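These are my notebook entries on a single structure. I record what I looked up, entry by entry.

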Amino acid sequence: MDWRAPLLEMKPIESPQAVRLLGVLAVVSLLVALGLGLSRIDATSMWLDEAYSVVDAQRSWADMLAMRTERGTSVHPPVYSVALRGMMATCGVNETCARLPSVLGAAGACAVLVMLSGRMFGWVAAITGAWMWPTLPYLLKYADQARGYTCLLYTSDAADDLLCV
């Protein structure tokens, strides 16, 4: 039997040893996405929407939640603002610190997508996802913006992983 045959089958990865190997592949994907995201994190200056995210994260807790009610103006849930507030409390108010949650969200999404695709569709999907996701131009574009898009991608992927497998 050819050693490549198990790789080419579209069978879910289920054995504990194969799942551990899939985890290694997911970590490699996470590290590539983290490296690419961090290398571009301060390539551009902040634009208006990013500045709004920073200002929103600096509001009081009551104001942050009040903006999400009927009379409020923000349509986004406060989860990203809370995460950004915690990050800025940790490392200060600057562009790099404000964009770090987005980079971490993109890297986490890459790892979860590799695990999800491998456990659902097999090695071909996992390997393809491992080299494709961290290098997608749109993922890299949104990974270096202080907006909640990549964190939303991460949470939706994690929910899919929990529900589908």
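In which helix does Val55 lie? I worked on a predicted model throughout, and there I found Val55 in helix 3, which spans residues 48-57. I then looked up its accessibility: Val55 has a relative value of 43% and therefore counts as partly exposed, since that class lies between 20% and 50%. I also checked a separation across the chain. Val55 and Arg85 are 30 residues apart in sequence, and their C-alpha atoms are separated by 9.6 Å.

Entry on the overall fold. I counted nine helices and zero strands in the protein chain. Read along the sequence, I noted the pattern as α-α-α-α-α-α-α-α-α. The chain has 165 residues, of which 36% count as buried. I next looked at contacts between residues at least 6 apart in sequence, and found that 74% of these join residues at least 24 apart. For the surface, I noted an exposed area of about 9500 Å² for the protein chain, with 68% of it supplied by carbon and sulfur atoms.

Entry on Arg99. I located Arg99 in helix 6, residues 95-121. Is Arg99 buried or exposed? Its relative accessibility is 0%, so I entered Arg99 as buried, the limit being under 20%. I then looked for a polar partner of its side chain: a polar atom there lies 2.8 Å from the backbone oxygen of Thr44. Leaving out residues up to four places away in sequence, I listed what Arg99 touches. Among them are Ile41, Asp42, Thr44, Ser45, Met46 and Glu50, and, further along the chain numbering, Ala143, Asp144, Gln145 and Ala146.

Entry on aromatic pairs. How many aromatic pairs does the model contain? I found one aromatic pair. The ring centres of Tyr142 and Tyr149 are 5.3 Å apart and their planes stand at 80°, so I recorded the pair as edge-to-face, a class that requires over 60 degrees. I looked up the accessibility of each ring-bearing residue as well. Tyr142 is partly exposed, with a relative accessible area of 27%, and Tyr149 is likewise partly exposed, at 36%.

Entry on a surface patch. Which residues form a nonpolar patch on the surface? I noted Leu21, Val24, Val28 and Val32, which together have about 330 Å² of accessible area. I placed Leu21 in helix 2, which covers residues 16-39.

Conventions. Residues are numbered from 1 along each chain as its sequence is written. This is a predicted model: local features need pLDDT of at least 70, side-chain atom pairs count only at pLDDT 80 or more; totals for chains, interfaces and linings use all residues. Side-chain values use heavy atoms; hydrogens and water are left out. Patches are made of residues with over 30% relative accessible area and no salt bridge: like charges are joined within 9 Å, nonpolar side chains (Val, Leu, Ile, Met, Phe, Trp, Tyr) within 5 Å. Accessible areas come from the Shrake-Rupley method with a 1.4 Å probe; for residues, only the protein chains shown count as cover. A salt bridge is a side-chain nitrogen of Lys or Arg within 4 Å of a carboxyl oxygen of Asp or Glu. Helices (H or I, at least four residues) and strands (E, at least two) are DSSP runs, numbered from the N terminus. Buried means under 20% relative accessible area, exposed over 50%, partly exposed in between (1.4 Å probe, protein chains only). A polar contact is a pair of N or O atoms within 3.5 Å; within protein, one must be able to donate a hydrogen and the other to accept it, and residues adjacent in sequence count only if both atoms are side-chain atoms. Contact means heavy atoms within 4.5 Å. Rings of Phe, Tyr and Trp (its six-membered ring) pair if their centres lie within 6.5 Å; planes under 30 degrees apart count as stacked, over 60 as edge-to-face and the rest as tilted.
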